[in-house]
Amino acid sequence: MTENKWILNKLMSDNPDSFDSLNDASEAENEKLMTASRIVQVRYRFYAVWVLLVILLIIFWMIMPGLDTFNTKKSQIQSAKGTLESLQAREDQYKQSIGFLETVQQEDSNIISCINEWENCQNLPQEVMDGSWLARTFLLTNGMNKTKMDVDERKIIESVDRYLVKLEPFLNNSSVNWTLNRISIWDKTFGDGLYTVPISIDMTFEDKSSLLSFINNVEKYIPSEESLRIFYKINSINYDVINSDQPQDTTIYMNLYYYDE
Amino acid sequence: MAGSMNVKKISKSQKLFQASLGVLVLAVLIFAWIKWLTFVKNMELKHVNNRIEKKEEQLKIYESSTWYTKFLAVKSLQEKTAGMSRFYRIEKISEILEDLKNVDDWEWDTTIELSDFYVSLDEVSLRWVVSSLKDLYYTNVSWKMRAVLDRFESLEFIDKMVIKEYNRVNDWFEFSLYANVIDNDWK
């Protein structure tokens, strides 16, 4: 490098006068300078080529893979954030559900009087009003007692006898205007976290209004007594609506559902 | 003259070299910058993954609680069993039946007889007896007479009425009418 500098300085300090004097100098020295300057040019070009090669290496071996890694990390962060958001949504859903259940537990009696008699509804929070059927289902799907029976049929029979067949189930001495002929209970099955027990009830209804009263007990109301609470869902009823003004033997096929821990 | 040419060539080569050095420095800086960004992203990813791990553990505890599993089971049951209640279904069928029966309850009308009603929320059918085929299509407002087919057509809840055969039985015409029930709001 000092040699390069010397040659450069030498060449830079040249002027016409000095060229004249240089011309006067020996041809050998001139030739020597020319050769030296060519060497310097070649050297610089050589260095430049090497540097460019290094740059290319840096671009293709370091910058490009580095960019790839960076982009991969970026997309990994994106998907991780997506996962986090969905987990957050699950947590929010959980908290909302638990909040709803706590309110249902606290407002138990208000919910029952609102659904059964359309009273105290104004005392219920909006979320419970909006989810009143879910609240009803929740309150009715209690567990069965553990007995020697596969299903606690004591509870089923009691709920049929003391609640379902009553004309006004919320009065102590409510009358019935139909006849209960037979109850059949089949084996329980388990699915979606709940036990299902198929049950059929054969009854003779005096008229359509007594049938509708029975259906209301099944589909609408909630017994205030916790031991009578069972969630029933009617699957089919063989009732002739056209002859609804006459007494009819009717079979009602239902499923009852309960939750057991 | 030759010296000045050489100077130009050397300074050109030197500039090329300096420029390439500048590009090299720039490339190194870009690489360092990308490395730094990757490092930052890596830290961010680690942080997010840690949060995911913690949240998953928390959710595992939450979602194994009895209350919540019962809630999910009840919610799925509620969704499965939602729909029109039997109470309203029977009420609606009664309404349809009454509307059908009222079709022959027409002033001056003693020549139409309806029977054998079948009513469901998807279709209705009934047997029909008329003394004259004219009763089916003839309408005279001033005589307060309205064609029986028009009366059925005016029922909003039925569609695609079909009568396949008209049979003569003694002095009467007998036939069966089938129609679809179209009100989907309460199905």
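Of the 187 residues that make up chain B, 35% count as buried. This figure, like every other value below, comes from a predicted model.

**Chain B in outline**

Five helices and five strands form the regular elements of chain B. Read from the N terminus on, their order is α-α-α-β-β-α-α-β-β-β. Contacts in chain B between residues at least 6 apart in sequence include many that span a long stretch of chain: 50% of them join residues at least 24 apart. One pair that is distant in sequence involves B:Val181, whose place is in strand E5 (residues 172-181) of chain B. B:Val181 and B:Glu123 are separated by 58 residues in sequence, yet their C-alpha atoms are 5.0 Å apart in space.

**Nonpolar cores**

The largest nonpolar core contains 57 residues, and A:Phe214 and B:Trp128 have the most contacts inside it. Helix H3 (residues 86-101) of chain B supplies the largest share of this core, namely six residues. A second core, separate from the first, has 36 residues, among them A:Leu84, A:Leu134, A:Tyr259 and B:Tyr62. In soluble globular proteins, nonpolar side chains tend to be buried together.

The surroundings of A:Phe214 can be listed in detail. Not counting residues up to four places away in sequence, A:Phe214 touches A:Leu164, A:Val165, A:Trp178, A:Ile201, A:Met203, A:Phe205 and A:Ile252.

**The largest pocket**

The largest pocket has a volume of about 380 Å³. Its lining consists of 17 residues, and A:Trp133, A:Arg136, A:Glu219, B:Gly83 and B:Ser85 are those nearest its centre. The elements giving two or more residues to this lining are helix H6 (132-140), helix H8 (208-219) and strand E4 (231-237) of chain A, along with H2 and H3 of chain B. Divided by class, the lining has seven nonpolar, six polar and four charged residues.

**Four residues compared by accessibility**

The following table gives the relative accessible area of four residues.

| Residue | Relative accessible area | Class |
|---|---|---|
| B:Val181 | 3% | buried |
| A:Asn116 | 8% | buried |
| B:Thr81 | 11% | buried |
| A:Gln93 | 29% | partly exposed |

B:Thr81 is part of helix H2 (residues 66-81) of chain B. A polar atom of the B:Thr81 side chain lies 2.8 Å from the backbone oxygen of B:Leu77. When neighbours within four places in sequence are left aside, B:Thr81 is in contact with A:Phe231, A:Lys233 and A:Tyr257. B:Thr81 counts as buried because its relative accessible area of 11% is under the 20% limit.

A:Asn116 belongs to helix H4 (residues 108-117) of chain A. The side chain of A:Asn116 reaches the backbone oxygen of A:Ile222 at 2.7 Å. Apart from neighbours within four places in sequence, A:Asn116 is in contact with A:Phe170, A:Tyr221 and A:Ile222.

A:Gln93 is found in helix H3 (residues 27-106) of chain A. Not counting residues up to four places away in sequence, A:Gln93 touches B:Tyr68, B:Phe71 and B:Lys75. With a relative accessible area of 29%, A:Gln93 is partly exposed.

Notes: Residues are numbered from 1 along each chain as its sequence is written. Chains are lettered from A and ligands numbered from 1 in the order in which they are written. This is a predicted model: local features need pLDDT of at least 70, side-chain atom pairs count only at pLDDT 80 or more; totals for chains, interfaces and linings use all residues. Side-chain values use heavy atoms; hydrogens and water are left out. Helices (H or I, at least four residues) and strands (E, at least two) are DSSP runs, numbered from the N terminus. Buried means under 20% relative accessible area, exposed over 50%, partly exposed in between (1.4 Å probe, protein chains only). A polar contact is a pair of N or O atoms within 3.5 Å; within protein, one must be able to donate a hydrogen and the other to accept it, and residues adjacent in sequence count only if both atoms are side-chain atoms. Contact means heavy atoms within 4.5 Å. A nonpolar core is a set of buried Ala, Val, Leu, Ile, Met, Phe, Trp, Tyr and Cys residues joined through side-chain atoms within 4.5 Å. On a 1 Å grid over the protein atoms alone, a cavity is a set of points where a 1.4 Å probe fits but cannot get out, and a pocket is an open set with protein on both sides within 12 Å along at least five of seven lines; lining residues have an atom within 4 Å of a point. Grid points are joined across faces, edges and corners, and a volume is the space filled by probe spheres set on the points. Ala, Val, Leu, Ile, Met, Phe, Trp, Tyr, Cys and Pro count as nonpolar, Asp, Glu, Lys and Arg as charged, and the others, Gly among them, as polar.
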